[in-house]
Amino acid sequence: MNRHRMIKTIDGISDLPTLPTVAMAVNSLLQDVDTPIEHLVDLLEKDQSIVLKMLRLVNSSFYGFKSRITNLRHAVTLMGYSTVQNAVVTVSVIDSLKTKNALKGFDISRFWTHSICVAVMSRHLAAQTCLAVPEEAFTAGLVHDIGKVVLVNHFPEVCLSLMETAMDGNVTFYTAEKTEDTYPHNLIGSNLARRWMLPESLKMAIRHHHGGIAQGVDGTLPGLIAISDTLVNVMNNLPGHRLIPEIMPEAVRGPVTGILKDSASWFPDVKREMAAACDFFNKG
Ligand SMILES: [Fe+2]
Ligand SMILES: [Fe+2]
């Protein structure tokens, strides 16, 4: 199936993954930076399951808040809107997409392990380079490949063919998508992000995590996700991935190169964080 037919089909699919109503409303509400704190708290309180999961996340060992946060108002005051929104997106995306898997041969738990590892790596690089807000980098890393979930569930035969092309040619999944000229997972993902009313920064990170950023557009977060994605894939010896300075996204190349030179000093900690994060989400 070619790219145009896929685009048409996606537009007509009525059961694309959805976010819980409250999570969508939070995204919509926080498009306005002047939203009063009471409005956000009132809204979130309508979905206690999201509140509980969110508090569990921000208090988890790998999420990085030193003091214990026990109630919603305290969380919103202490963490700020953006961190709250990222936590809400994180828990609700995981909930919405975790159980779906209609394709034999696609290992959904491996997919989530990859996403979680990219999230942890992105947050680490963001914190070390001060190029992005760490919690936002975490969320962006977690959702960067969500388009693949749509592919698996709605275009299983396209997905199988892409996996075969990647395997046979020893190339990345994204290269296979270009070879077969299908609607690529980064664009499917940003399409979904738009429906979910995710913040622009997350939408851009999903859309451009394989490059292609236009001049004059901020490529920092997409660049951090691209590097983290490659690092995690190199770590797992996946075919077609390599990390050389010349192909690193320009927006982040300088600061990230410095951090990578010193990787021996931080990598064991990051690996432990990845294991803790995988454990956390698998229990959730
Ligand atoms: Fe990707
Ligand atoms: Fe990825």
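Author: A friendly word to begin: in this predicted model, a residue is called buried if 20 or more other C-beta atoms lie within 10 Å of its own, exposed if 12 or fewer, and partly exposed in between. By that rule, Val22, Ala23, Val26 and Asn27 are the buried residues of helix α2.

Reader: What makes the buried residues of α2 line one face of the helix?

Author: The test is a view down the axis of α2, where the directions to the C-beta atoms of the buried residues fall within an arc of 140 degrees, so they line one face. The cover over these residues includes α3 (37-44), α4 (48-58) and α5 (72-97).

Reader: Serine 28 is in α2 too. Why is serine 28 called partly exposed?

Author: Serine 28 has 13 C-beta neighbours inside 10 Å. The exposed class ends at 12 and the buried class begins at 20, so a count of 13 falls in between. Serine 28 also has a distant partner in sequence: proline 199 is 171 residues away along the chain, yet the two C-alpha atoms are separated by 8.9 Å.

Reader: Now helix α9. How do you know that its length agrees with what is expected?

Author: The helix runs over residues 156-169, which is 14 residues. The expected span takes 1.5 Å times one less than the number of residues. That gives 20 Å for α9, and its end C-alpha atoms lie 20 Å apart, so the two values agree.

Reader: Which residues of α9 are buried, and what makes them a single face?

Author: Val158, Cys159, Leu162 and Ala166 are buried. Looking down the axis of α9, these residues keep within an arc of 100 degrees, and therefore they line one face. They pack against α8 and α10 (173-180). On the face turned away from the buried side sit the exposed residues Glu157, Glu164, Met167 and Asp168.

Reader: Where does glutamate 180 lie, and which residues does it touch?

Author: Glutamate 180 is in helix α10, and it touches Ser161, Leu162 and Thr165 once residues up to four places away in sequence are set aside. Threonine 165 is 15 residues from glutamate 180 in sequence, with 8.5 Å from C-alpha to C-alpha. Glutamate 180 has 16 other C-beta atoms within 10 Å, which is over 12 and under 20, so it is partly exposed.

Reader: Why is asparagine 170 called exposed?

Author: Asparagine 170 has 9 C-beta neighbours inside 10 Å, and the limit for exposed is 12 or fewer, so it qualifies. This residue follows α9 and belongs to the loop between α9 and α10. Its phi is positive, about 55 degrees, although asparagine 170 is not a glycine.

Reader: What about aspartate 181: why does it count as exposed?

Author: Here the count is 10 C-beta neighbours inside 10 Å, so aspartate 181 also passes the limit of 12 or fewer. Aspartate 181 sits in the loop between α10 and α11 (185-195), and its phi is positive as well, near 50 degrees, in a residue other than glycine.

Reader: Which parts make up the two domains, and how many residues does each give to the contact?

Author: Domain 1 covers 3-12 and 100-283, while domain 2 covers 18-99. Their C-alpha centres are 23 Å apart. The contact takes 21 residues from domain 1 and 18 from domain 2. On the domain 1 side, α6 (108-129), α7 (134-143), α8 (146-154) and α15 (263-283) give two or more residues, and α7 gives the most, with 6. That side holds 16 nonpolar, 1 polar and 4 charged residues.

Reader: Which residues have the most contacts inside the largest nonpolar core?

Author: They are Val88, Ile116, Val120, Leu221 and Leu224, in a core of 70 residues. Both domain 1 and domain 2 supply at least three residues to this core. In soluble globular proteins, nonpolar side chains tend to be buried together. Leaving out neighbours within four places in sequence, isoleucine 116 is in contact with Leu142, Met274, Ala277, Cys278 and Phe281.

Reader: Last one, on α15: what makes alanine 276 partly exposed?

Author: Alanine 276, which is in α15, has 16 C-beta neighbours inside 10 Å, a count between the exposed and buried limits of 12 and 20, so it is partly exposed. Beyond four places in sequence, alanine 276 is in contact with Ser61 and Phe62.

Notes: Residues are numbered from 1 along each chain as its sequence is written. Chains are lettered from A and ligands numbered from 1 in the order in which they are written. This is a predicted model: local features need pLDDT of at least 70, side-chain atom pairs count only at pLDDT 80 or more; totals for chains, interfaces and linings use all residues. Domain bounds come from an automatic or database domain assignment. Two residues are in contact if their C-beta atoms, placed from the backbone, lie within 7 Å. Helices (H or I, at least four residues) and strands (E, at least two) are DSSP runs, numbered from the N terminus. Ala, Val, Leu, Ile, Met, Phe, Trp, Tyr, Cys and Pro count as nonpolar, Asp, Glu, Lys and Arg as charged, and the others, Gly among them, as polar. A nonpolar core is a set of buried Ala, Val, Leu, Ile, Met, Phe, Trp, Tyr and Cys residues joined through C-beta atoms within 7 Å. The arc is that of the directions from the helix axis to the C-beta atoms.
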